[in-house]
Amino acid sequence: MKTVAYGVDEPHGKFHEMNVERREVGDDDVLIDIEYCGICHSDIHTANNEWGGAMYPVVPGHEIVGTVRQTGKNVTDHRVGDRVGVGCMVDSCRNCEECRKGNEHYCENTVFTYNSHDSHTGGVTYGGYSGQVVVDRNFVLKIPENLDLAATAPLLCAGITTYSPLRFWNVKKGDRVAVAGLGGLGHMGVKLASAMGADVTVLTTSPSKVDEAKRLGAQGVILSGNKDELKKHRGEFDFILDTIPAVHDLNLYLSLLKPEGALVLVGLPERGNSYNVYAGALVGGRKTLAGSNIGGIRETQEMLDFCGKHDITADIEMIGPEEINRAYERVVKSDVKYRFVIDMKGRNN
Ligand code: NAP
Ligand code: ZN
Ligand code: ZN
């Protein structure tokens, strides 16, 4: 079946309306009417082929929420009319060690929601800037009833990408956490780490975000554009969640950690740009430099339930599909507070 979608045909191309094919609803499938889809910086990296491997046309979008329109005969856990979400993955092998551990995102055959080889059709996957999507029931998440649907969309990527490392590194009450970059991921990191009881400081290059950071739950804010300001905070943090999408001076950021602290990268700069890290920046205090990629399906549901319990959603700016290009320009200029969400309602036939 055909559904309306918004995609690009080349790097830095203009988004335009097109039709993409969705597979017929199989026995294990859920057909979702997409209501809202967040704009992640990864959508921009992919649409512009900054990581390589873009397969055009690219229809991005992996922060999808909507309602179930139809289910296959084996689907008992999702019902027509349910509010559901789809994140960065729509399938995996389900047999390998990582899949069995619930780490479908580390499977060798993860099928990502867009720009990925589609194991069902043999074609390419198209994401949530679109009217409808058909997804295997195991990759469909349940949205807590108390959460606003549009503001929940960004949890499906920005939420899980920040929740997962905070949990893996066991961030807890009283820990001193710094979040570097106050964009889509960063603002979720502030909310989630605060809800876990941490004392959170934001490292931002934007003076206009200082008051905002406090409103979001941060206790402290450091203007990171000024190296001397950063240097005043050496040795203060147990954990740094680094969401910056461009190469920056990691040695300086590592110096902000306490001994045995960890700096975890989630930001993914353009391909071909690498970091220069001095051994001494790690060895001196037995520090950890690590990375983290989204999170598994089970943990994504856990994160959504955590957000339901703590009443956490994203701060969003709603746009129509015709405003995607403008939104991309603003995200690249760090001018988003804090996630653009595309209103896709009424575009599902
Ligand atoms: P975003 O909304 O654009 O936020 C990034 C923020 O980083 C900006 O708002 C800005 O915050 C800061 N920043 C931007 N350029 C900078 C620079 N040159 N130097 C220092 N700070 C800079 O992006 P996002 O959607 O949160 O995504 C962030 C990164 O994470 C992207 O690379 C994205 O692809 C990646 N990502 C990774 C995963 C994963 O699983 N690992 C998942 C999703 C996204 P301030 O104004 O506060 O400085
Ligand atoms: Zn994303
Ligand atoms: Zn697998």
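The lining of the largest cavity in this predicted model is made up of seven nonpolar residues, three polar residues and no charged ones. Those lining residues are Gly-87, Cys-88, Met-89, Leu-141, Leu-156, Ile-160, Ile-294, Gly-295, Ile-297 and Thr-300. The space inside amounts to about 60 Å³, and the structure holds one cavity of 30 Å³ or more. How can such hidden spaces be found? Rolling a probe the size of a water molecule over the atoms shows where empty space is left.

Attention turns next to the metals. The zinc ion (ligand 3) is held by four sulfur donors, the SG atoms of Cys-93, Cys-96, Cys-99 and Cys-107, at 2.3 to 2.4 Å. Along the chain, these donors follow the spacing C-x2-C-x2-C-x7-C. What geometry does the site of the zinc ion (ligand 3) have? The angles among its four donor atoms run from 104 to 117°, and the site is tetrahedral. For comparison, the ideal angle for four tetrahedral donors is 109.5 degrees. Cys-99 counts as buried because its relative accessibility is 9%, under the 20% cut-off. Cys-93, with a relative accessible area of 29%, is partly exposed.

The zinc ion (ligand 2) is coordinated by Cys-40 (SG), His-62 (NE2) and Cys-157 (SG), at 2.0 to 2.3 Å. In sequence, the spacing of these donor residues reads C-x21-H-x94-C. Cys-40 and Cys-157 link distant parts of the chain, as they lie 117 residues apart. Cys-40 sits in the loop between β3 (29–38) and α1 (41–47), while Cys-157 belongs to the loop between α3 (149–152) and α4 (158–168). Both of these cysteines are buried.

Technical notes: Residues are numbered from 1 along each chain as its sequence is written. Chains are lettered from A and ligands numbered from 1 in the order in which they are written. This is a predicted model: local features need pLDDT of at least 70, side-chain atom pairs count only at pLDDT 80 or more; totals for chains, interfaces and linings use all residues. Side-chain values use heavy atoms; hydrogens and water are left out. Donors are N, O and S atoms within 2.8 Å of the metal (3.2 Å for Na, K and Ca); water is not among the atoms, so sites may look incomplete. Four donors count as tetrahedral if all angles lie between 85 and 135 degrees; four count as square planar and six as octahedral if opposite donors are over 155 degrees apart and all others between 65 and 115; anything else is irregular. Buried means under 20% relative accessible area, exposed over 50%, partly exposed in between (1.4 Å probe, protein chains only). Helices (H or I, at least four residues) and strands (E, at least two) are DSSP runs, numbered from the N terminus. On a 1 Å grid over the protein atoms alone, a cavity is a set of points where a 1.4 Å probe fits but cannot get out, and a pocket is an open set with protein on both sides within 12 Å along at least five of seven lines; lining residues have an atom within 4 Å of a point. Grid points are joined across faces, edges and corners, and a volume is the space filled by probe spheres set on the points. Ala, Val, Leu, Ile, Met, Phe, Trp, Tyr, Cys and Pro count as nonpolar, Asp, Glu, Lys and Arg as charged, and the others, Gly among them, as polar.
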